[in-house]
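User: Please take a close look at the aromatic pairs here, and at what surrounds them. Short sentences would help me.

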Amino acid sequence: EIHDLLSGELQGDQVVVWFKYIAEIEFVYQYLNKKHYKCRMIKGGSDKPTGMTELDFRLKTIKDFREGKFQVMLCMEKVAQYGIDCSTASTAIYYSNEYGGEVRTQSEDRILHVSKIEPLLYIDLLTEDTLDMENYDNIITKTTDSRIFMTSFNRFVNRLLGEAA
């Protein structure tokens with residue numbers, strides 16, 4: 001499915017693909033390399049070059065992605081959910097999902113940027129009649145609930161600050 005998207009609708013676009021499991025990210029990495037896509041991955045215990053720290057390797061990988069040196073960034077949700085900027089991409093594909101709304105929200109924000117004007121696309125690869133479907137429903141509900149809460153909370157705080165002024 002990822003190959004079909006990358007060779008069709010998303011041809012030439014930079015994309016971030018999110019994973020829960022190491023076996024999945026490694027499989028997709030090998031598969032995409034065989035199909036001649038330029039891709040790299042950020043995962044726990046990355047295959048970093050000798051003499052380079054894990055942090056330096058991740059920073060270089062992110063920098064290279066932002067400079068357009070490769071098309072597909074493969075990321076483990078728990079490893080890359082905070083502090084990385086992949087906003088040169090406008091599409092995120094979820095190959096698999098963690099079980100929390102916060103992890104999802106944080107990973108979605110990696111392709112977001114204040115100056116961005118094009119729409120963002122989030123694609124979830126789900127298998128019918130599996131736990132994936134139920135997990136997805138729970139994640140979306142938790143994400144929506146937290147966003148509604150934060151929007152309401154921000155309005156409340158702004159109203160209080162406005163009254164205090």
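Analyst: Both Trp 18 and Tyr 94 are buried. Keep in mind that this is a predicted model. Trp 18 and Tyr 94 belong together for another reason: they are one of the four aromatic pairs that a search of the whole structure finds. Their ring centres lie 6.4 Å apart, and their planes meet at 15°. Planes under 30 degrees apart count as stacked, so this pair is stacked.

Now place the two residues. Trp 18 is in strand 1, residues 15-19. Tyr 94 is in strand 4, residues 91-94. The pair therefore ties together parts that are 76 residues apart in sequence.

Next comes a second pair, Phe 27 and Tyr 31, and these rings are stacked too. The centres are 6.4 Å apart, with 20° between the planes. Here both partners sit in helix 2, residues 22-34. They are four residues apart, so about one helical turn separates them. Tyr 31 is partly exposed, with a relative accessible area of 34%.

Go back to Tyr 94. Its ring has another partner: the charged end of Arg 104 sits over it, 3.6 Å from the ring centre. Arg 104 is in helix 5 and is buried. Helix 5 covers residues 101-108. Six of its eight residues are buried, so the helix is largely enclosed by the rest of the structure. Besides Arg 104, the buried residues are Gly 101, Val 103, Thr 105, Ser 107 and Glu 108.

To recap, Tyr 94 stacks with Trp 18, and the charged end of Arg 104 sits over the Tyr 94 ring.

Definitions and conventions. Residues numbered from 1 in each chain as written. Predicted model: local features only at pLDDT ≥ 70, side-chain atom pairs only at ≥ 80, totals over all residues. Heavy atoms only, no water. Phe/Tyr/Trp six-rings, centres within 6.5 Å; stacked < 30°, edge-to-face > 60°. Helix = DSSP H or I, 4+ residues; strand = E, 2+ residues; numbered from the N terminus. Buried < 20%, exposed > 50% of the residue type's maximum accessible area, 1.4 Å probe, protein only. Lys NZ or Arg CZ within 6 Å of the ring centre and 35° of its normal.
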